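This report introduces a structure to someone who has not seen it before. The sequence and the model are shown first, and the description follows.

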Amino acid sequence: MNRLLLTTLTLFMGGVQAAPIAMEDQSQLKVAPASTPASFKPPAESELPDNAFGKMVRDGYALFVDTKRLAPEYVGNGLNCSNCHLDQGRLAHSAPLWGAYPMYPAYRKKNDKVNTFAERIQGCFQFSMNGKPPAADSPEMTALSVYAYWLASKAPIGVETPGRGYPEVDKPAQGYDIKRGAQVYQQQCAICHGDSGQGQKVAKDYVMPPLWGKDSYNWGAGMHRINTAASFIKHNMPLGKPGTLTDQQAWDVAAFINAHERPQDPRLVEGSVEKTRLKFHANDGVNLYGQKVDGVLIGQGTGG
Ligand code: HEC
Ligand code: HEC
């Protein structure tokens with residue numbers, strides 16, 4: 001499109017520029033099942049060189065585990081990257097950075113384009129962190145990419161390393177049940193994440209991350225899908241006891257969490273939950289956005 005036409009179009013649209021959408025979606029990865037042994041070992045911190053590269057790796061590490069405090073201008077909720085990518089982005093089956101880095105750039109059918117690694121990270125800023133993604137050439141993005149590159153040292157490029165992503169947990173034959181999920185939540189999760197999913201703070205900082213409400217991931221995040229949350233939960237929660245929930249419990253509690261309000265999907269179409277559901281949620285795994293639960297419309301957002 002030539003520049004004149006673009007200008008005309010912008011004028012035509014009232015000259016109002018919507019916030020840039022870095023990535024259309026966080027569509028689900030297809031990854032190896034959890035039964036495939038994950039033997040890849042990322043380098044230890046002691047192996048870091050004492051030079052400018054090593055310093056950049058440390059900066060990226062710090063941003064990854066302390067995102068909210070170190071990069072508040074890009075984070076709109078109470079989360080850090082490492083809340084969902086456990087053990088500083090090192091843990092197998094917790095979408096480790098060493099599993100991700102060698103797999104980009106990648107064509108993604110859903111937004112019909114080749115996505116760079118930076119664009120993938122921008123997606124997590126926009127949706128999982130409910131924030132404003134840093135530019136691809138910003139110091140923050142450079143540091144995060146260098147950290148991921150270093151963790152992936154010696155991993156093959158373009159070949160999926162077992163341990164990547166959150167391996168899928170098949171939908172149980174009985175489907176899921178939000179009320180059963182509430183019981184699992186009270187018994188196994190509330191002690192850390194709070195009775196109303198609010199997490200726990202020490203002073204201004206969360207020590208236990210919130211699972212819903214205004215400081216949680218938004219309705220566009222991958223974690224809002226019940227199937228993705230079930231996969232994360234089964235392999236990573238309760239913290240310290242991964243793999244102890246049945247598939248049924250993981251699905252039930254994932255549905256319970258994702259039946260609660262959270263910040264609106266930033267891709268909201270013309271202020272309409274229904275239009276947004278049709279465009280972005282109707283074919284995005286299993287989710288409750290735009291549906292009614294006990295007569296209440298889900299997906300209205302937390303406002304403000
Ligand atoms: C609320 C949870 C959450 C938070 C917080 C989060 N992510 Fe993610 N991240 C996800 C999910 C879900 C996926 C998609 C995984 C899938 O589809 O299996 C993902 C995918 C990724 C991927 C691609 C993984 C791969 O193997 O292709 C990268 C890289 C990534 N996130 C980096 C980050 C960074 C950097 C941050 C902090 C700025 C961050 N994430 C914060 C949940 C989160
Ligand atoms: C012992 C405390 C503890 C228990 C019990 C626990 N969690 Fe967590 N959970 C955490 C911590 C801490 C993190 C962040 C991990 C990190 O930063 O290393 C987390 C992260 C999460 C996340 C991703 C981050 C976010 O805020 O969205 C989800 C989802 C989650 N837990 C769900 C659950 C569910 C469901 C249960 C119950 C089956 C559960 N947790 C039990 C401590 C706990």
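In this predicted model, strand β3 (residues 200-202) runs antiparallel to strand β4 (residues 205-208), the two being paired over three bridges. Gln200 has Met208 in β4 as its bridge partner, and the two strands form a hairpin with two residues between them, where Ala203 in the turn has a positive phi of about 55 degrees.

The residues of this hairpin fall within residues 176-261, the span that UniProt lists, in an unreviewed entry, as "domain: Cytochrome c". That span is 43% helix and 8% strand, and its end C-alpha atoms lie 19 Å apart.

The domain assignment gives two domains, set out below.

| Domain | Residues |
|---|---|
| domain 1 | 45-151 |
| domain 2 | 178-297 |

The centres of domain 1 and domain 2, taken over C-alpha atoms, are separated by 22 Å, and 13 residues of domain 1 are in contact with 17 residues of domain 2. On the side of domain 1 that touches domain 2, helix α6 (residues 117-128) contributes the largest share, three residues, and the residues of that side comprise four nonpolar, eight polar and one charged.

Where does ligand 2 lie with respect to the two domains? Ligand 2 lies between them, because both domain 1 and domain 2 give residues to the shell around it. Of the 26 residues around ligand 2, those that come nearest are Cys189, Cys192, Pro209, Pro238 and Leu239, while α9 (190-193) and α10 (226-236) each supply at least two residues of the shell. The shell holds 20 nonpolar and six polar residues, and no charged ones.

Note on methods. Residues numbered from 1 in each chain as written. Chains lettered and ligands numbered in written order. Predicted model: local features only at pLDDT ≥ 70, side-chain atom pairs only at ≥ 80, totals over all residues. UniProt positions renumbered as here; feature names shortened; annotations may be inferred. Helix = DSSP H or I, 4+ residues; strand = E, 2+ residues; numbered from the N terminus. Near = placed C-beta within 6 Å. Nonpolar A, V, L, I, M, F, W, Y, C, P; charged D, E, K, R; others polar. Domains from an automatic or database assignment. Pairing = 2+ DSSP bridges. Contact = placed C-beta atoms within 7 Å.
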